[in-house]
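Take a moment with the model below. We will go from its strands to single residues, one stop at a time.

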Amino acid sequence: MRFAFGGRSLTMLILPIAVLCAAQGVRAAEPAPPAPAPAVEVSRYELAANQDTPELCFVLSGSVARRPATPLESFVATDPAITVTATPRNDRLCLTGFTFGNDYTVTLKAGLPGVAGALPKDTQFRIAIPNRPPELAFAAPESGLLPRIGGDGLPIRSVNVPKIDVQIF
């Protein structure tokens, strides 16, 4: 089957158009350069001080890189200087190594890697790590029962409680 237009075949009509476009240097549109990766921003921090060691977690706008080329600790500075351990947890960067009852200035350095971007500039936070809150509990065995005979005492676990008064009835 042949197609014709005004007595001429369709290929005869398309061929001059293709030659004309090639002669004038008509090119296909070039792809746009990729958009820059969105910057990672720190939205807030959370401090967990009611545990054996305080943990400070910064909540970021995107996920933290799990295995960056540079250790995450190199993107953290503290004043006074301490050795911190940085652990990525989805959109959080959690730091340990702080001491109870101290104040710190924590700086997250520019370039902190996220999955889809990086921290554009240094960000500083003044953090007060409080003393652990007072806590008192019976340190009973796993069964929860204390021996009736032969017990050496009443096992009590305390944190920041200097003195207790116990009365047994």
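Start with an open sheet of four strands, in the order β3-β4-β7-β6, with antiparallel pairing. Two of these strands sit at the edges: β3, residues 42-48, and β6, residues 85-89. Each edge strand pairs on one side only. On average, neighbouring strands of this sheet are turned by 20° against each other, direction ignored. Keep in mind that this is a predicted model.

Now look inside the sheet. Strand β4 covers residues 55-60, and strand β7 covers residues 92-96. The two run antiparallel, and five bridges join them. Which residue of β7 is the bridge partner of Phe-58? Find Leu-93: that is the partner in β7.

Next, follow the chain through the loops. Most residues other than glycine have a negative phi, and most peptide bonds are trans. Three places in this model depart from that pattern, as the next stops show.

The first stop is a peptide bond. Between Asp-79 and Pro-80 the bond is cis, and its omega is near 0°. Where is Pro-80 placed? Look in the loop between β5, residues 76-79, and β6. Strand β6 is one we have met already, as an edge of the open sheet.

Move on to the loop between β6 and β7, where Asn-90 lies. Asn-90 is not a glycine, yet its phi is positive, at about 55°. Both strands flanking this loop belong to the four-stranded sheet.

The third stop is Asn-160. This residue is placed in the segment after β11, which spans residues 156-159. Asn-160 is also a residue other than glycine with a positive phi, near 55°. Is Asn-160 buried or partly exposed? Its relative accessibility is 45%, so Asn-160 counts as partly exposed.

Finish with Thr-107. Find this residue in strand β8, which covers residues 102-108. Why does Thr-107 count as buried? Its relative accessibility is 13%, and the cut-off for buried is under 20%.

What surrounds Thr-107? Set aside its neighbours within four places in sequence, and two runs of residues are in contact with it. One is Phe-75, Val-76 and Ala-77; the other is Asp-122, Thr-123 and Gln-124. Gln-124 has a further link to Thr-107: a polar contact of 3.4 Å joins their side chains.

Terms used:
Residues numbered from 1 in each chain as written. Predicted model: local features only at pLDDT ≥ 70, side-chain atom pairs only at ≥ 80, totals over all residues. Heavy atoms only, no water. Buried < 20%, exposed > 50% of the residue type's maximum accessible area, 1.4 Å probe, protein only. Polar contact = N/O pair within 3.5 Å; in protein donor to acceptor, adjacent residues only side chain to side chain. Contact = heavy atoms within 4.5 Å. Pairing = 2+ DSSP bridges. Axes fitted to C-alpha atoms, helices over the stretch in contact; angles between N-to-C directions.
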